[in-house]
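Visitor: I should be grateful for a close look at a single part of this model, namely the place where two helices pack against each other. Please set that part in the context of the chain.

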Amino acid sequence: MVDITRSSALLRWTGWCLYALAAFQALIAVLLLLNWQDTVSGFTGRALAPTRAAAEGAAAGSLGVHVLLAALYVLAAVKVPADRRWARVVATVLLAYNVIGGIVTLFTIPGETPLNPAGVVLALAALILLWGPRRRPRPPGLSR
């Protein structure tokens, strides 16, 4: 017999973390739109965007990535608590991308990313909840 009570609770918490990350990504997208000119100015002259046109393209790409990530996080948040294996894999890839991308972004455009540490910490928490504690079979004869 497998004790799924603890595992189910952890997966529900993971789902809430994924919803929070979806909201976080949507917030970043809204902030990009509201501060479009400042964002483009902040990107201009960097290695990724040496010209203003390149900076506008980078900002548009960033907006698209954040909207896509928000949608994918919602999908994962719906399916992970149901203990779907594919959803765990998708969530793991998204969360790893969020951690790695967040850290890289902190170093490439530090002035434009004051909220990044919150996203990185939330993604790490979701990864720990998703894969940290494992379900363990109960010894025979034990019941709740």
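**Helix packing in the chain**

Guide: Among contacts in the chain (heavy atoms within 4.5 Å) between residues at least 6 apart in sequence, 71% join residues at least 24 apart. The model is predicted: local features need pLDDT of at least 70, side-chain atom pairs count only at pLDDT 80 or more, and totals for chains, interfaces and linings use all residues. Residues are numbered from 1 along each chain as its sequence is written, and side-chain values use heavy atoms, with hydrogens and water left out.

The chain has five helices and zero strands; here helices (H or I, at least four residues) and strands (E, at least two) are DSSP runs numbered from the N terminus. Of the 144 residues in the chain, 33% are buried, a term that denotes under 20% relative accessible area, with exposed over 50% and partly exposed in between (1.4 Å probe, protein chains only).

The part to examine is the pairing of H4 and H5. Two packed helices are described by the angle between their axes and the distance between the axes. Axes are lines fitted to C-alpha atoms, for helices over the stretch in contact, and angles run from 0 to 180 degrees between N-to-C directions. Helix H4 (residues 85–108) and helix H5 (residues 116–131) cross at roughly 150°, and their axes come within 9 Å. H4 is therefore roughly antiparallel to H5; angles under 35 degrees count as roughly parallel, over 145 as roughly antiparallel, 65 to 115 as roughly perpendicular and the rest as oblique. The contact involves, among others, Arg88, Leu95, Val99 and Leu106 of H4, and Val120, Leu124, Leu127 and Trp131 of H5. The crossing of H4 and H5 is left-handed, that is, the near helix is turned anticlockwise from the far one by less than a right angle, whereas clockwise would make a crossing right-handed.

Two of these contact residues, Arg88 and Trp131, also form a charge-over-ring arrangement: the charged end of arginine 88 sits over the ring of tryptophan 131, 4.9 Å from its centre. The criterion is that NZ of Lys or CZ of Arg is within 6 Å of the ring centre and within 35 degrees of the ring normal.

Another helix pair offers a comparison. Helix H2 (residues 36–43) and helix H3 (residues 52–79) pack at about 120°, with axes 8 Å apart, and are therefore oblique to each other. Their crossing is right-handed. Trp36, Val40 and Phe43 are among the H2 residues that meet H3, where the partners include Ala55, Ala59 and Leu63.
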